[in-house]
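Let us take a walk through this protein together, starting at its metal sites and moving outward into the fold. Please have the model open beside you as you read.

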Amino acid sequence: MGRKPVLKTDIFHVHTYRCGHAEAVPDEAYIQRAIELGATGIWFTDHAPFPCDLFRGRMMYADLPEYVATLTELKKRYERQIDVHIGLEIEYFPAFRTYYEELAANKSIEMLLLGQHMAEDSGGGYTFSWNEERLKKGEYIALGDAIVEGIKTGFFDAVAHPDRIFRRRKRWGSRMEAVAKDIIEAARQGGIPLEINISSMRHKYLFWHQFWELVPHKAEGIVGFDAHQVLELDAYRSIMME
Ligand SMILES: [Zn+2]
Ligand SMILES: [Zn+2]
């Protein structure tokens, strides 16, 4: 898609109550706080549903039209104060190609943020059904491959927390470096930004400085809040001061 760029003065990557694990407040609460903080824009990227509600931790498929309609209404209502952007955070699963085509064709959806929390495996299953041992060894490889493949499809506008694929690792290693380089190179070729995720920084093993040291042009990255509650937007102040 590669449409509107995310400005440094925007608040990027905000969830809503629809995903089931975010604060139970109306979308407007985030918008009003973003205005108070002086942001130029706010990007909602709630967890996208899949047809038949195959996966947990996301809005229901039936709620997608309401999500888009509500935010479209708020976009108009607040257009003089802030740019409200409508996006979705979504994994890349090769089996759902036609679904991504549909989402990409929806003119109201401005951003598909590739957030690879799990991946299809070669046996036709998903990584979330792997055992601990297999996850520890190979989850980052499966997620990394899916991110690279996903970027190449051209459906996605940015990659959420790419370094979070290493969440089950305790120490940096050469295979991890190779996977990191593949992602960074794919993003460069695809011309899409990698997200430095503020929420990841608050948890052990989600944020890897070794990853970011491999990114040649850090300025091309975007900062994402991954906010699941209004209070998390307040990080905007310290980011703007840096
Ligand atoms: Zn979430
Ligand atoms: Zn997120």
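**Two zinc ions and the fold around them**

A good place to begin is H13, which is buried, with a relative accessible area of 0%. Here buried means under 20% relative accessible area, exposed means over 50%, and partly exposed lies in between, using a 1.4 Å probe and protein chains only. H15 is likewise buried at 0%.

Before going further, a word on the ground rules. This is a predicted model, in which local features need pLDDT of at least 70 and side-chain atom pairs count only at pLDDT 80 or more, while totals for chains, interfaces and linings use all residues. Residues are numbered from 1 along each chain as its sequence is written, chains are lettered from A and ligands numbered from 1 in the order in which they are written, and side-chain values use heavy atoms, leaving out hydrogens and water.

Now back to those histidines. H13 (NE2) and H15 (NE2) join E89 (OE) and D226 (OD) as the protein donors of the zinc ion (ligand 2), at 2.0 to 2.2 Å from it. Donors are N, O and S atoms within 2.8 Å of the metal (3.2 Å for Na, K and Ca); water is not among the atoms, so sites may look incomplete. Along the sequence, these donor residues follow the spacing H-x1-H-x73-E-x136-D. The arrangement is irregular because the four donor atoms subtend angles of 84 to 174°. For reference, four donors count as tetrahedral if all angles lie between 85 and 135 degrees; four count as square planar and six as octahedral if opposite donors are over 155 degrees apart and all others between 65 and 115; anything else is irregular.

The zinc ion (ligand 1) sits 4.7 Å from the zinc ion (ligand 2). Its protein donors are H21 (NE2), H47 (NE2) and H228 (NE2), lying 2.0 to 2.1 Å away. H21 belongs to the loop between strand 1 and helix 1 (27-37), and H47 to strand 2, 26 residues apart. Helices (H or I, at least four residues) and strands (E, at least two) are DSSP runs, numbered from the N terminus. H21 is partly exposed at 41% relative accessible area, whereas H47 is buried at 7%.

From H47 we can step into the sheet. Seven of the seven residues of strand 2 are buried, so this strand is largely enclosed by the rest of the structure. The open sheet has five strands in the order 1-2-3-4-5, with parallel pairing. Strand 1 (10-14) and strand 5 (158-159) are its edges, each pairing on one side only. Two strands pair if DSSP finds at least two bridges between them. Four bridges join strands 1 and 2, and F12 has W43 in strand 2 as its bridge partner. Strand 3 (residues 83-90) and strand 4 (residues 111-114) also pair over four bridges, and the zinc donor E89 stands opposite L113 in strand 4.

Finally, look at the packing. A nonpolar core is a set of buried Ala, Val, Leu, Ile, Met, Phe, Trp, Tyr and Cys residues joined through side-chain atoms within 4.5 Å. The largest has 73 residues, of which I11, I42 and F211 touch the most other members. Helix 4 (residues 132-153) gives the most to this core, with nine residues. A second, separate core of eight residues includes F12, L113, A158 and I222.
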